[in-house]
Amino acid sequence: MGEFQVHRVRFFGLVPAGVRCLACQPRGTRLALARTDGSVEVYNFAANYFQEKVIPGHEARSVESLCWAAGDRLFGAGLGGDITEYDLSGLSAARGVDGGGGPIWSMVANGTGTQLAIGCEDGSVKIFQVVPQGIQFERNLDRRKGRVLCLSWHPSGTHIVAGSIDFFRVIDVASGQTVQRIMVNHHVEKAKRECVVWAIALLSSGTVVSADSFGRVQFWDWQQGTLAESCTISTSAVLSLAVSEKEDSIIVGTSTGATYQLQLLPVRLGGLEKHWVRTKVFQFHSHDVRAVAHSPTALISGGLDAQLVIRPLMEKMQKKSYDAVLRKFIFPHRRLVSCARKARLLLFQFSQYLELWRLGSTEETGKDGEVLPLCRMPEHLVKLKSKGPEHIYCSSVSPCGTWLGYSTASRFQLYRVHCDGDGVSLSKVPKVPKLLPPAYQLQFSANSDSLFVASARGSVHVFQLLEPGGCKHLHTLRPPSGCSEAVYLLAPSADGHWLAAVSGDWAIHIYNLRCFKHHCMVPTYDCAISALAIHPSTNNLVIAYSDQQLSEFSIPEKQYTSWSRTVQSRGLHRVWLERDSPITHITFNPKNAAHILLHDTYLLCVLDKSLPLPDDGTILMNQSTLKQLPETARKRQLHAFKICKKFQPLLFMDLLDKNCLVVVERPIMDFKTQLPQPVQQKKFGT
């Protein structure tokens, strides 16, 4: 596998924001997620649940509700009182409209996706029309006292049910009048505390399903105004609720972190009479489950512990596949750490500031696995705060450690880093050429004399960095056939000759930096690209896809390499393909040109192209077994994949030199101690 001195970094103090709301695309393959910091993420079911789009948050923009409308248009609303449409191609908040009713607590689209209903702080329910240019206010429905915390639209579009504190009401959309008002606590004697209806659903049968702060899921006949069924799910509040498309299954989330599934089952086998029954309980979260969604094949939940959990419904599975895997996502599928190899600096990206650290050093040597004492401790050099309420899109530090840049939605900033002995200072580069922000990815060249800025519509801006501190715009690279999507991945070659750029349509374009011309396009593969890098000596482009496939493309020859064709014909190991965490970074071993280093959140892999690919009959992770075998037997069982799972969760890995490796971990318990205290539950025997 190779021996490296490893800098094991655990001082990246990232605390992921909790999940606030979820929205499954109707009859689509995407899941939208909003976090408590206002950021919005889009996951693609068809691309192995890859986090394909991230729109950073804004301090003045909270997102309480998300919904899809008119097919693939995404809208969000929050306590700022605005309805925002998100530009998924440009990865930004495109346009906003004032709701006109104060803070917005809930929003839902009708079955055809042509209208939006919002529930406001002032007790009003408002209807907006979805038009090609945005949304237009249509009319107000009947207003009553009390904020509207949740909404649900009847599948036919004739009625809307609105949940508030102590009651819910059913509104006729045509007349705009309330046709039924039901107190959820009318049957409880002397209820001393108010009952908050946190989530609600109106089924096609006319049944209203409510989830409340008393821990109940209740089923109502709204026309008669009577309670049909009641299930006490938890001793604490039920905060979220989602119904399956066939309306035979419900998932609810609670403040204890537990999620429950209720199913509509016949009372007798083969009988026509059916009742709702609590069938499954899952304890995947440690904190409030504020958001749930129900896809055709999975139960999806998001908690304030920052976890997105996708639990497959095994009875819906025809065969074992990607969809049959339990998935837990906490950290983003993109890098928040960049490394200055020569200067041995690390740049950590947070939502509104950056931290620059110098790695520690040692003069000792030791055996495999031994922890060496430091003669110089890691040093926090600079904390650079971003001005304004906008969150940071991307950041990078140059390999020599003398340049640093970051971008928000409206500003791109470039700094010169001055190291004076043990002290470090920053000076802002003046007169940076004004281009249309934001930058979606920043990448410095290997010799630190150029900066590549990923922009909208598939374009990449090339800057020349000047001494003692300036920059000049050289060229803008664009795909010849045009592109509507933003570039989200860049990979320059070490010799400064080539640049690979990946846009949101999953196309990989190769540019010649000597003449600033489009060189070629990698043959399209119907899956998202999670990482790519250009080999420093061969100029072969190594590509990792979100479905765990790997390929190698020769840039000079404009074709896949023989090794890549072998991978395509033989296939990769079943255990490798069944992983649910995408590769997020690729680099190469300068001591051995056949070694490719890659990592995801849970493993570090050295891929040796000179060794045969393993088949499904061999053990993929066989490092401990090989150590116990004699030399001759060991050679017979060697294969290309050398996997290490010692470092978890792994947010970043890179080679500092041929003998030294840096890994950045963020242990789950380290950031969970910084979260608010969860609801305390009495446990047996304590």
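Trainee: How many nonpolar, polar and charged residues line the largest cavity?
Mentor: In this predicted model, local features need pLDDT of at least 70 and side-chain atom pairs 80 or more, while totals for chains, interfaces and linings use all residues. Numbering runs from 1 along each chain as its sequence is written, and side-chain values use heavy atoms, without hydrogens and water. The lining (atom within 4 Å of a point on a 1 Å grid where a 1.4 Å probe fits but cannot get out) includes F12, R334, R335, T584, D600 and T601. By class (Ala, Val, Leu, Ile, Met, Phe, Trp, Tyr, Cys, Pro nonpolar; Asp, Glu, Lys, Arg charged; others polar), the split is seven nonpolar, two polar and three charged.

Trainee: What is the volume of the second largest cavity?
Mentor: Happy to help! Six cavities reach 30 Å³ or more, and the largest holds about 110 Å³ (space filled by probe spheres on points joined across faces, edges and corners). The second is lined by residues including K328, H333, D580 and Y602, five of its lining residues being nonpolar, three polar and two charged. Its space comes to about 80 Å³.

Trainee: Which residue in β55 is the bridge partner of V9?
Mentor: Start with the open, mixed sheet, ordered β1-β55-β54 (strands are DSSP E runs of at least two residues; pairing needs at least two bridges). Its edge strands are β1 (5-9) and β54 (650-657), each paired on one side only. β1 runs parallel to β55 (residues 660-665) over five bridges. In β55, V9 has as its bridge partner V664.

Conventions:
Helices (H or I, at least four residues) and strands (E, at least two) are DSSP runs, numbered from the N terminus. On a 1 Å grid over the protein atoms alone, a cavity is a set of points where a 1.4 Å probe fits but cannot get out, and a pocket is an open set with protein on both sides within 12 Å along at least five of seven lines; lining residues have an atom within 4 Å of a point.
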